[in-house]
Amino acid sequence: MPTLNEALRHFDLPRLEARLLLAQVSGLSHSAMVSAGPEPLPDAQWQAFSLLAQRRQAGEPVAYLLGEREFYGRRFAVSPAVLIPRPETEHLVEAALDKVGRKTAARVADLGTGSGAIAVTLALEAPAWQVAAVDLSPDALAMARGNAEALGASVAFHHGSWFAPLPAAAQYELIVSNPPYIDAADHHLGEGDVRFEPRMALTDGNDGLDCLRAIAAGAPARLAAGGWLMVEHGYDQGPACRELFEQAGLQQVHTLPDLAGLDRVTLGCKP
Ligand SMILES: C[S@@+](CC[C@H](N)C(=O)[O-])C[C@H]1O[C@@H](n2cnc3c(N)ncnc32)[C@H](O)[C@@H]1O
């Protein structure tokens with residue numbers, strides 16, 4: 001059997017990825033790995049690591065191999081049933097907390113919750129908020145429920161399309177969504193980690209704006225007066241998104257940039 005250091009070099013993988021995969025199968029901390037001696041790895045660990053390393057070499061995302069991804073400082077379980085939460089989406093969380101205020105009692109809906117990253121984070125960061133979350137994928141909802149339970153968040157989950165499964169008369173001070181917004185013709189859908197993520201989490205099968213259209217059009221009926229709609233979108237979708245929000249009669253419509261300075265989150269308020 002190879003030693004730990006030989007195992008880390010054995011596969012053509014970035015050192016950090018190899019370390020994460022080996023930590024997963026060995027349970028060793030980073031510092032234990034750095035100070036590892038010349039003893040051979042136990043056979044079972046070498047076999048399990050080899051399997052994960054080969055899957056990574058075949059392209060599977062590290063987050064799916066580890067079964068988790070960090071979002072806003074917490075670990076969320078992920079599987080190929082859900083989009084891997086992205087750091088950009090933390091901007092949407094920040095914008096929501098800033099605009100509504102953590103201490104204000106607010107009714108909040110997260111449309112297309114996936115792993116539950118947004119809904120669970122908001123429920124934990126702003127315990128005064130009442131958070132509901134919707135997804136069309138039953139498998140995604142099961143994962144989101146598991147994350148809410150594991151992290152101790154109180155979220156009401158609903159299965160269905162966008163606003164449809166929410167209680168009929170319910171109104172919200174905040175509606176957030178990171179919907180599928182990639183154009184079906186975008187070549188990125190066939191590249192890298194994205195190939196392994198659920199297609200329905202990535203694209204509307206059209207021009208990338210269909211879900212944003214449905215959410216913008218449906219929001220005014222579900223927002224309380226003074227309530228905010230906030231969505232994440234592609235770097236080049238800011239102008240189209242602002243137009244959709246304005247057509248829906250929302251006011252104070254504007255777009256916030258991400259850390260790279262690119263349009264990322266558009267918000268608007270119901271008068
Ligand atoms: C881009 S992912 C976002 C996941 C998660 N909110 C996040 O930010 O990591 C979009 C999610 O929308 C869901 N979705 C797609 N079409 C939907 C629809 N018509 N109604 C509700 N959810 C939908 C997908 O299943 C997926 O979980």
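These questions and answers look at two residues and the ligand shell of a predicted model. In this model, local features need pLDDT of at least 70 and side-chain atom pairs count only at pLDDT 80 or more, while totals for chains, interfaces and linings use all residues. Residues are numbered from 1 along each chain as its sequence is written.

Reader: Is Gly 114 buried or exposed?
Author: A residue is buried if 20 or more other C-beta atoms, placed from the backbone, lie within 10 Å of its own, exposed if 12 or fewer, and partly exposed in between. Gly 114 has 29 C-beta neighbours inside 10 Å, so Gly 114 counts as buried.

Reader: Which strand holds Asp 135?
Author: Strands are DSSP runs of E with at least two residues and helices are runs of H or I with at least four, numbered from the N terminus. Asp 135 lies in the run of residues 129-135, which is strand S4.

Reader: Which residue of the loop between S3 (106-111) and H7 (117-125) does Asp 135 touch, among others?
Author: Contact means that two C-beta atoms, placed from the backbone, lie within 7 Å. Leaving aside neighbours within four places in sequence, the contacts of Asp 135 include Ala 140, His 159 and Gly 114. The loop between S3 and H7 contains Gly 114.

Reader: How many charged residues are in the shell around the ligand?
Author: Asp, Glu, Lys and Arg count as charged; Ala, Val, Leu, Ile, Met, Phe, Trp, Tyr, Cys and Pro as nonpolar; and the others, Gly among them, as polar. The shell has 14 nonpolar residues, eight polar and, as charged, one.
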